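Let's walk through this structure together, one region at a time. Keep the sequence and the 3D view open as you read.

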Amino acid sequence: MNLIKCGKTVYVDMDNVLVNFQSGLDRVPEAIKREYADDGTGKPHYDDIPHIFSLMDPMPGAIEAMRELWPYFNLYILSTAPWLNPSAWSDKLEWVQRYFGKDNDSIFYKRLIISHHKDLNHGDFLIDDREKNGASEFQGELIQFGTSKYPDWPAIVEYLHQQH
Ligand SMILES: [Mg+2]
C-alpha cells in the first residue's frame, strides 16, 4: 500500500489541519490551563502543557481526506512540536499511529517529519494553517487551510484532485 509513487509530494501540517488543537485544550483541567495562561508576554502557551497533544481529536474530514489522496500523491506529515515540551514530540508520533496505524502498510509509516524549518523540505504542496516555521518560504505551493479559498478538507481534496 505504501509504495513509492511517481505522484507529486504533499506535506500536511498537524495542528488545526489534521488535528483539532481546541479539542485537546477542552480536556485540560482549568487549574492546569491557568498555569499556562501567560508565557511572560501576556499570551497563553497551552502547547507547552505536558501531554496535551495526546488529547486531541482529528479535524473534521481529515482522516478521510488522507485516505482519499494517498493513492495519487506522496503524502508526508510536516509538523512543528514545541521546543520546551518534549511530550509533544512523542505524542505526535503516537497520534499518527493511533489514527493511521503503525504498521508498514499504513499511510504515514515513517512519513512523519517534525521540523521548525518547513522550507527545507522539497515538494509540490504544503497544507498548513499558518505561515510560521518556514511555511511561508516553502518553495512549492502553500495551501493555507482555513482561508476562504480553502476553508476545509473537502475544498482542499477537490483542488488537489485537479493537480495530479
Ligand atoms: Mg498548524
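Is asparagine 74 buried or exposed? Asparagine 74 is buried, because its relative accessible area is 7%; here buried means under 20% relative accessible area, exposed means over 50%, and partly exposed lies in between, with a 1.4 Å probe and protein chains only. Before going further, please note that this is a predicted model, in which local features need pLDDT of at least 70, side-chain atom pairs count only at pLDDT 80 or more, and totals for chains, interfaces and linings use all residues. Residues are numbered from 1 along each chain as its sequence is written, and side-chain values use heavy atoms, with hydrogens and water left out.

Asparagine 74 belongs to strand 4; helices (H or I, at least four residues) and strands (E, at least two) are DSSP runs numbered from the N terminus. Measuring tape in hand, so to speak, you would find 16 Å between the C-alpha atoms of asparagine 74 and methionine 14, which are 60 residues apart in sequence.

Strand 4 (residues 74-79) also holds tyrosine 76, whose partner in an aromatic pair is tyrosine 11 in strand 1 (residues 9-12), 65 residues apart, so this pair links distant parts of the chain. The two rings of this pair are tilted, at 5.8 Å centre to centre with 35° between the planes. Rings of Phe, Tyr and Trp (its six-membered ring) pair if their centres lie within 6.5 Å, and planes under 30 degrees apart count as stacked, over 60 as edge-to-face and the rest as tilted. Tyrosine 11 counts as buried because its relative accessibility is 5%, while tyrosine 76 counts as partly exposed because its value is 23%. Tyrosine 76 has a further neighbour: arginine 111 lies over the face of its ring, 4.6 Å from the ring centre. For such a contact, NZ of Lys or CZ of Arg must be within 6 Å of the ring centre and within 35 degrees of the ring normal. The count of aromatic pairs comes to 9, and ring pairs also link Trp95, Tyr99, Phe100 and Phe108 into a cluster.

Now turn to the metal. Which residues coordinate the magnesium ion? They are Asp13 (OD), Asp15 (O) and Asp129 (OD), at 2.1 to 2.2 Å. Donors are N, O and S atoms within 2.8 Å of the metal (3.2 Å for Na, K and Ca), and sites may look incomplete because water is not among the atoms. Aspartate 15 sits in the loop between strand 1 and strand 2 (19-20), and aspartate 129 in the loop between strand 6 (125-128) and strand 7 (141-144), so the pair ties together parts that are 114 residues apart in sequence. Aspartate 15 is buried, because its relative accessible area is 17%.

Asp15 appears again in the largest pocket, where Asp15, Asp47, Arg130, Lys132 and Asn133 are the closest to the centre among 25 lining residues. This pocket holds about 630 Å³ of space. On a 1 Å grid over the protein atoms alone, a pocket is an open set of points where a 1.4 Å probe fits, with protein on both sides within 12 Å along at least five of seven lines; lining residues have an atom within 4 Å of a point. The lining divides into 8 nonpolar, 6 polar and 11 charged residues.

Two backbone positions deserve a look. Most residues other than glycine have a negative phi. Histidine 51, however, has a positive phi of about 65°, and is found in the loop between helix 2 (30-35) and strand 3 (57-58). Lysine 110 has a positive phi as well, near 55°, and is found in the loop between helix 4 (86-100) and strand 5 (112-114). Histidine 51 is partly exposed, because its relative accessible area is 43%, whereas lysine 110 counts as exposed because its value is 73%.

Key:
Grid points are joined across faces, edges and corners, and a volume is the space filled by probe spheres set on the points. Ala, Val, Leu, Ile, Met, Phe, Trp, Tyr, Cys and Pro count as nonpolar, Asp, Glu, Lys and Arg as charged, and the others, Gly among them, as polar.
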